[in-house]
Amino acid sequence: MRPATSSLATLSRLVRPTHASACVGWSAHAEGVDRLLASFAAVPAEQQVRLAKSTSNLFRERSRARGPGLDTSGLTGVVEVDPATRTAEVQGMCTYETLVDATLAHGLLPLVVPQLKTITLGGAVTGLGIESTSFRHGLPHESVLSMDVLTGTGEVVTASPDGTADEQALWRGLPNSYGSLGYAVRLRIELEEVPPFVALRSLRLDDLDAVQDTLARVAETGAHDGERVDAVDAVVFAADECYVVLARWSDEPGPTSDYTGRHVYYRSLQHPSGTTHDRLTIRDYVWRWDTDWFWCSRAFGAQDPRVRRLWPRRWLRSSVYWRLVALDRRFAVADRLERRAGRPPRERVVQDVEVEVGRTADFLRWFLAEVPVEPVWLCPLRLLESSDAPGADRPWPLYPLRPGRTYVNIGFWSTVPATPGDPSACNRAVEQAVGRMGGHKSLYSEAFYDEATFAALYGGDHAHRLKTRFDPGSRFPTLYDKAVRRR
């Protein structure tokens, strides 16, 4: 057993940053903002504005953009970390990989860290993000204390919960706006202190109702069998093979598992019955899903032991698989292989949906019977805010969650045989099933709602008022144009 050391000293040795964690400072940030504003001014007034970026975590096709985009190359870092106040000033295009490296150096972590390294902080706020701490901390935008936003007028507006009426409206309206109102340039976020390790318990449950009840109880109490729970998610392989994974932050030194190389994390959860235990460093826990893009790396053969031995460790990451998907989209490789084998093309079913916790088992029973996709990821969440003030039942107007309730995010990412004559049949069926159960879905992937239904779910008149105020010249597409019309 190693002798105990201070948490911060131990954590500093375990961070293993892949990017430089030095903060860029305010001078460099000001230069980045100047370049952004100059690039906005260079776009003709009659042309809509877009980001000039080569990467994306969206899974919906978009019309090809023409003309120059916004220069965000100077807005990809952490400006500063303040350990005393447990806050960080972060540029909008900073990836969580860079952000986590910078904060872990101080023994701190963002309250919610989405699963994939290349998700940006601005993207997680305007497009939403979630992870296993969301039952305690809500969604990433809820830990934003203030932010600077480039709006459609070409101005940078500071939005905050205690600013003017307009500044408060923008702060509440930006989550789930997907760039339809503007882009976050700088965000001040809360951080929490974390120890070096995470202790895991994987509970096997053979009944979907038991999974639902366990997630509901943990989300309400923050504990299971008398032990504190700091993070929780679940994986459903089949109706009778489900695993709830309970995580507890830990200072206790000792050996840890490594799922960044030959071993696959989600396979480690499977066991015949009862409970198994594991330990990870805090950094490896944060990125436990990124190495294999949850389980999607199997589509590229990366989980085959023969292939994995030859696959460079640095290529075991979601950004590499995403590039492979982009190549497949461009050259239709998968469809060509299916045709050559005499099979129909496949429909991509990549969705995250949310239902109230009491409908989780119902949705899963429908899904497992109708959609040939497994495994399925579950993640409970609760909004932080609760108030009797007018409008407080929907504090984030473009996103239809309500405070005081537990929801479960259900994620599934794969392909199914396409239905002849209706290449989106499965996605439409999922959308309809979610609606029947009073749920909704994230907008990073395909959506098929008519305008009236979409407005009822995602902001309606409020979204229109925000658009009129912060983008009166329609320099950015509307949320419906982006999410459904794919512009």
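This briefing covers the fold, one buried glutamine, the cavities and some backbone features of the structure above. The model is predicted. The chain has 17 helices and 16 strands. Of its 487 residues, 55% count as buried. A search of the whole structure finds three cavities of 30 Å³ or more.

**Overall build**

- The secondary structure mixes both kinds of element, with 17 helices and 16 strands.
- Long-range contacts dominate the count: among contacts between residues at least 6 apart in sequence, 75% join residues at least 24 apart.
- The accessible surface of the chain is about 20,700 Å². Carbon and sulfur atoms account for 52% of that surface.

**Cysteines**

- The disulfide count for the model is zero.
- C296 is buried, because its relative accessible area of 16% falls under the 20% cut-off.
- C426 is also buried, at a relative accessible area of 11%.

**Q91 and its surroundings**

- Q91 sits in strand 2, which spans residues 87-91.
- The relative accessible area of Q91 is 2%, so this residue counts as buried under the 20% limit.
- The side chain of Q91 makes a polar contact of 3.0 Å with the side chain of H29.
- The Q91 side chain also reaches a backbone atom, the nitrogen of T76, at 3.2 Å.
- Both of these partners, H29 and T76, appear among the residues that Q91 touches beyond four places in sequence.
- That contact list also includes V24, G74, L75, G77 and V79.
- Further along the sequence, Q91 touches V185, R186 and L187.

**Cavities**

- Three cavities reach 30 Å³ or more in the structure as a whole.
- The largest cavity has a volume of about 80 Å³.
- Residues lining the largest cavity include L109, P110, L111 and V113.
- E131, S132, T133 and E192 are also part of this lining.
- W249, Y285, V286 and R288 belong to the lining too.
- Two elements, strand 3 (108-110) and helix 9 (282-286), each supply at least two residues of the lining of the largest cavity.

**Cis peptide bond**

- The peptide bond from E374 to P375 is cis, with omega near -5°.
- P375 lies in a loop. Helix 13 (360-370) comes before that loop, and strand 14 (376-381) follows.

**Positive phi outside glycine**

- N176 has a positive phi of about 75°, although this residue is not a glycine.
- N176 is found in the loop between helix 6 (165-173) and strand 6 (182-193).
- The relative accessible area of N176 is 0%, so N176 is buried by the 20% cut-off.
- W293 is another non-glycine residue with a positive phi, near 50°.
- The loop that holds W293 runs between helix 9 and helix 10 (305-308).
- W293 counts as buried because its relative accessibility is 8%, under the 20% limit.

**Points to locate in the structure**

- For the polar contacts of Q91, start at strand 2 (87-91), then look to the side chain of H29 and the backbone nitrogen of T76.
- For the largest cavity, start at strand 3 (108-110) and helix 9 (282-286).
- For the cis bond, go to E374 and P375.
- For the positive phi values, go to N176 and W293.

Conventions
Residues are numbered from 1 along each chain as its sequence is written. This is a predicted model: local features need pLDDT of at least 70, side-chain atom pairs count only at pLDDT 80 or more; totals for chains, interfaces and linings use all residues. Side-chain values use heavy atoms; hydrogens and water are left out. Helices (H or I, at least four residues) and strands (E, at least two) are DSSP runs, numbered from the N terminus. Buried means under 20% relative accessible area, exposed over 50%, partly exposed in between (1.4 Å probe, protein chains only). Contact means heavy atoms within 4.5 Å. Accessible areas come from the Shrake-Rupley method with a 1.4 Å probe; for residues, only the protein chains shown count as cover. A disulfide is a pair of cysteine sulfur atoms within 2.5 Å. A polar contact is a pair of N or O atoms within 3.5 Å; within protein, one must be able to donate a hydrogen and the other to accept it, and residues adjacent in sequence count only if both atoms are side-chain atoms. On a 1 Å grid over the protein atoms alone, a cavity is a set of points where a 1.4 Å probe fits but cannot get out, and a pocket is an open set with protein on both sides within 12 Å along at least five of seven lines; lining residues have an atom within 4 Å of a point. Grid points are joined across faces, edges and corners, and a volume is the space filled by probe spheres set on the points.
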